[in-house]
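Here are a few friendly notes to read alongside the model. Keep the 3D view open and find each place as you go.

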Amino acid sequence: MRSLKLACVLIALLLFTGCGRGRRVSFELVATSDIHGNLFPYDYMGATGTPDSGSLARVATWLGEERREYGNRLLYFDLGDQLQGNAMVYYDQTADYSGSSLAAEVLNELGCQASVLGNHDVEAGVPTIDRFTSTASFPVLCGNIFYRDTEYSVYDPYTIIERKGVRIAVVGLTTKYVLCKLPASSFEQQEVMGVEECARELIPYIIENEHPHLIVGLIHGGLEGGMEGDAFVENEALSTAVNVPGFDVVFYGHDHEASVRKVENCQGDSVLLINPGPYALNVARVHVNLRMASGAVTGRSISGELADMSCMKPDDRLTDGFRNRIDAVWHYQDSVAGKVEFALDGMEAVTGPSMLTDYFGNAIMRCINCEIALSSPYDESLYIPAGNVTMRDLRKIYPYENPVTALMLKGSDVVRILENSSACWMNTIGSPADTLLNIVPSGDGFAFRYRVFDFIAAVGINYVVDVTKPAGHRVTVVSMSDGSRFDPDKRYRVGMSSFMASGGSADFCSFAGMSGPELRSLELYSSGADMRFHLITNLTEHSSKGMTFSMQPAGNWKLVPEDLVSEVLERDMNLIRPALQR
């Protein structure tokens with residue numbers, strides 16, 4: 001039996017080595033993805049010094065160990081979404097903007113060979129991307145964003161890395177979903193091609209002109225599915241690997257689903273697809289063994305695995321080198337932006353009129369010239385009491401870096417949006433025995449059937465929602481908030497987050513009865529800064545004058561009949577509240 005095993009091993013070696021001819025070269029290709037600011041091992045939403053899992057600081061330690069074996073034959077890549085996601089990078093881009101990009105500095109320290117832009121990097125804006133690329137000592141790739149009506153990509157589509165006589169082509173592409181994260185005005189001079197579509201043009205060009213021995217894809221886009229419509233498919237990693245011949249390895253991210261698999265492409269060749277998952281909890285690790293003869297590859301073996309970072313000790317040299325900036329973020333998070341005279345309650349916001357959605361609506365109306373504002377809560381368990389509001393609190397209140405956008409919508413469009421939102425969140429009721437909230441059993445209790453940001457409230461109009469009527473026939477707009485007539489056929493300037501305005505939620509597209517491109521075509525203008533920045537500056541302006549921010553409830557809408565709603569809602573709240581213990 002032992003002789004038989006030995007014989008099998010020898011046969012496999014002969015097959016791989018081409019009967020022993022040529023030289024063997026091995027590489028280790030590794031990648032991280034969707035770091036979202038998790039550069040150092042701290043949770044900035046907790047008290048100073050609160051530890052966190054993952055982080056590039058742990059990856060730095062692991063890379064140091066691996067490089068002792070592979071040296072410069074270890075190639076480290078990042079798959080994007082570095083520039084948004086936590087207080088560290090937000091501080092770096094808003095309060096400490098004068099210096100170099102912190103995320104790029106850390107990737108430089110880790111010896112990154114190339115990265116690709118993610119949708120959250122593009123959303124951070126051109127100045128922030130320029131700061132990142134100018135700081136980076138590695139190429140930042142993104143081959144499928146083009147200057148409009150030209151064949152010229154805005155960023156380099158690929159780079160060639162040579163090691164030990166081996167030419168490795170590294171191709172960077174990002175999800176077309178980036179269009180759903182940005183105001184249309186952000187892409188007035190640019191257009192985005194689908195990942196697979198772009199790869200079909202790019203890979204043959206690279207093969208013909210660069211003669212690579214290995215082609216590695218860096219795709220910021222999930223495996224398959226996601227948002228789909230006439231304009232694009234969100235996740236194209238699998239279809240690209242299968243339908244575009246030439247790739248040997250495809251690293252991919254965006255969907256936050258760590259995975260390793262091999263697929264067969266349309267020509268019968270094997271392609272390794274590997275996703276490290278988010279926050280540097282894992283590293284995608286690929287072993288490549290090539291047999292080279294006369295400048296050509298005569299045999300290859302490619303395998304992949306996920307390397308767990310949970311047991312790695314953070315690199316003290318890295319954290320100590322950035323200690324001043326780390327400490328500055330703790331101080332920033334603890335600092336008081338200002339005071340508010342009212343509590344902000346997420347649970348109140350998903351059961352009817354609330355100060356939270358009024359607060360968002362007020363901010364939208366204040367920072368952008370619109371007549372109506374639409375807003376949603378983002379966390380039903382949120383509760384910020386009246387009094388001091390810290391920067392940490394503001395990140396809980398509005399966790400995303402979305403600009404504010406105005407669309408030109410008909411009054412009937414606004415009513416349709418409110419009707420469809422109501423249909424998601426409220427059942428039709430007729431007696432105290434009925435259930436008003438659209439909740440479903442979940443574990444030991446209940447949960448909302450739909451996502452919290454599908455609950456949409458408006459300011460700028462006075463309206464009622466009659467929950468005894470069937471879905472689609474509940475909303476009656478009485479007037480504009482100034483008492484003037486509301487006209488369903490008139491077009492109004494309607495403000496909302498850029499995510500909502502660009503069709504970032506498929507539900508919102510269906511609410512409005514439009515596709516994402518149709519919504520984007522109605523854009524009037526967009527704010528330069530994100531929503532949270534506007535909330536911060538408003539509070540700090542009041543604080544600098546010794547004032548507390550005060551706001552009366554808008555009182556512009558209600559659920560009716562009020563007595564029945566009050567009775568039914570109290571029981572429903574007792575069902576859902578245990579799942580939302582604060």
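1. The lining of the largest cavity holds 9 nonpolar residues, 2 polar ones and no charged ones. Here Ala, Val, Leu, Ile, Met, Phe, Trp, Tyr, Cys and Pro count as nonpolar, Asp, Glu, Lys and Arg as charged, and the others, Gly among them, as polar. Look for Leu418, Ser421, Ser422, Trp425, Met426, Phe455, Ile456, Tyr463, Val465, Trp557 and Leu559, which line this cavity. Two or more lining residues come from each of helix H14 (411-425), strand S26 (461-466) and strand S30 (557-560). H14 gives the most, with 4 residues.

2. A cavity is a set of points on a 1 Å grid over the protein atoms alone, where a 1.4 Å probe fits but cannot get out; lining residues have an atom within 4 Å of a point. The whole structure has 5 cavities of 30 Å³ or more, and the volume of the largest is about 100 Å³. Grid points are joined across faces, edges and corners, and a volume is the space filled by probe spheres set on the points.

3. A word on the source: this is a predicted model, where local features need pLDDT of at least 70 and side-chain atom pairs count only at pLDDT 80 or more, while totals for chains, interfaces and linings use all residues. Residues are numbered from 1 along each chain as its sequence is written, and side-chain values use heavy atoms, with hydrogens and water left out.

4. Next, visit helix H7 (residues 195-210); helices (H or I, at least four residues) and strands (E, at least two) are DSSP runs, numbered from the N terminus. Its buried residues are Val195, Glu196, Cys198, Ala199, Leu202, Ile203, Ile206 and Glu210. Buried means under 20% relative accessible area, exposed over 50%, partly exposed in between (1.4 Å probe, protein chains only). Among the elements that cover these residues are strand S9 (214-220) and helix H8 (237-243). Just after H7, histidine 211 has a positive phi of about 50 degrees.

5. Which residues does threonine 240 touch? Leaving out residues up to four places away in sequence, threonine 240 touches Val195, Glu196, Ala199, Ile219 and Phe247, where contact means heavy atoms within 4.5 Å. Threonine 240 lies in helix H8 and is buried, with a relative accessible area of 0%. Its side chain reaches the backbone oxygen of glutamate 236 at 2.6 Å.

Notes: 1 Å grid on protein atoms, 1.4 Å probe; cavity = no way out; pocket = protein on both sides within 12 Å on 5 of 7 lines; lining within 4 Å. Polar contact = N/O pair within 3.5 Å; in protein donor to acceptor, adjacent residues only side chain to side chain.
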